[in-house]
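Biologist: I have a model open and would like to understand the labels people attach to it. Could you take me through the reasoning behind them?

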Amino acid sequence: MIERPRRLRLNETIRKMTRETRVSSDSLIYPIFIKDGKDIKTEIPSLENQFHWSVDRVSECIESSLNKGINKFLLFGIPDHKDEVGSEAYSENGVVQRGIREIKKNFGSDAFLIADVCMCEYTSHGHCGILDGKYVNNDKTLEYLSKIAVAAAEAGIDMVAPSDMMDGRIAAMRNALDKNGFENTSIMSYAVKYASSFYGPFRDAAGSAPSFGDRKSYQMDYHNVREAVKEALTDEKEGADILMVKPAMSYLDVIKEVKDKTKLPLAAYSVSGEYAMIKAAAKQGLIDEYGIMCESSLAVFRAGADILITYYANELAEAIKRGDIG
Ligand code: PBG
């Protein structure tokens, strides 16, 4: 007998009943940029429909997402002041720390907050750590990353997400958090982060492009996938609670491979360049933005991710509500 999957496709109710991949808005995380200053809600030129928010207005952004069913936020800070050691990243009054306190004051546990822990938005040279000449000093950077994680925890963060790619940072941060009484603060590690051109629009948005050189000495080479597994397993052993692969769309094979090899939940970050490409092509009338958003986001889950970090989180939540995906 000839198999006829077509019969299942004839009817929309059956199609929905037999979907192999399920997505819910519980699995989505929305990135937010908090900027020093007052009364700021400014569209980011490189990221259409994404905004810089000042602390006094960021709650508008949170509230609108909560109304759509998105309650997890990845926070990035854009400080006015930058220096060699990125001191605003761990200052009690740094822009993210103030943002966390403001959001928690207004929304409490309704808003789950995740702090991106890195230095590139805060250093005058734009690198993700403390420099020794032309190179980042890995172990010295660990001390600073730990301070940033503790400062975020003191402000009330629920989870930290180190994106720096230094070696040994998960163990260092776990120890620092535990020592300071934050045993319950989770760590989502950007375990598998490639040196990617897809971060371009983010670097424009965050003013975090390196002033010299590139990030290839600490971010991964996109020729490699066994290295991804090694990074993932190392971070698992060091105490990460969730792992991440980044970027997403061009790394679906990596997501699948890492998912097969680790026992931890896996997130994928659909980064700024992926979003900007869809926006740009849609603006020219070349593609259907809504359709591409749904299809490319679903692909990340089909590859094995449990969580998706995306600038489309709000629109996806609406697509899920409509039943177009999920
Ligand atoms: C910080 C960081 C970056 C992104 C997330 N955290 C930039 C980078 O590594 O250059 C990129 C996110 C995006 O492109 O959407 N290190």
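Modeller: Happy to; we will go through rings, charges, the ligand and two strands, keeping in mind that this is a predicted model.

Biologist: Let's start with the rings. What makes Phe-51 and Trp-53 an aromatic pair, and why is the pair called tilted?

Modeller: Their centres are 5.9 Å apart, and the limit for a pair is 6.5 Å. The planes meet at 55°; since stacked needs under 30 degrees and edge-to-face over 60, the label is tilted. By this rule the count comes to 11 aromatic pairs.

Biologist: Why is Trp-53 called buried?

Modeller: Its relative accessible area is 7%, and buried means under 20%, so Trp-53 qualifies.

Biologist: What about Tyr-275 and Tyr-311: how do you know which class that pair belongs to?

Modeller: The ring centres lie 5.7 Å apart and the planes are at 55°, so this pair is tilted. Tyr-275 belongs to helix 10, while Tyr-311 is in the loop between strand 12 and helix 12. With their positions 36 residues apart, the pair links distant parts of the chain. Both Tyr-275 and Tyr-311 are buried. They also belong to a cluster linked by ring pairs, whose members include Phe-33, Phe-76 and Tyr-190.

Biologist: How do you know that a charge sits over the ring of Phe-51?

Modeller: The charged end of Lys-41 is 4.8 Å from the centre of that ring, and the distance cut-off is 6 Å. Lys-147 does likewise with Tyr-90, at 4.3 Å from the ring centre.

Biologist: Now the ligand. What makes Tyr-311 a polar contact of the ligand?

Modeller: An N or O atom in the Tyr-311 side chain is 2.6 Å from a ligand oxygen, and the limit is 3.5 Å, so it counts. Arg-215 has a polar side-chain atom 3.1 Å from a ligand oxygen, and for Gln-219 the corresponding distance is 3.0 Å. The ligand has 400 Å² of accessible area on its own, and the protein covers 100% of that.

Biologist: How many residues surround the ligand?

Modeller: There are 20, and Tyr-311 is among the closest, along with Lys-193, Arg-203, Lys-246 and Ser-272.

Biologist: Last one: why are strand 4 and strand 5 said to pair?

Modeller: They share four bridges in the parallel sense; pairing takes at least two, so they pass. Ala-115 in strand 5 is the bridge partner of Leu-75. Strand 5 is mostly covered, with five of its six residues buried.

How values were computed: Residues numbered from 1 in each chain as written. Predicted model: local features only at pLDDT ≥ 70, side-chain atom pairs only at ≥ 80, totals over all residues. Heavy atoms only, no water. Phe/Tyr/Trp six-rings, centres within 6.5 Å; stacked < 30°, edge-to-face > 60°. Buried < 20%, exposed > 50% of the residue type's maximum accessible area, 1.4 Å probe, protein only. Lys NZ or Arg CZ within 6 Å of the ring centre and 35° of its normal. Near = heavy atom within 4 Å. Polar contact = N/O pair within 3.5 Å; in protein donor to acceptor, adjacent residues only side chain to side chain. Areas by Shrake-Rupley, 256 points an atom, 1.4 Å probe, with all protein chains shown as cover.
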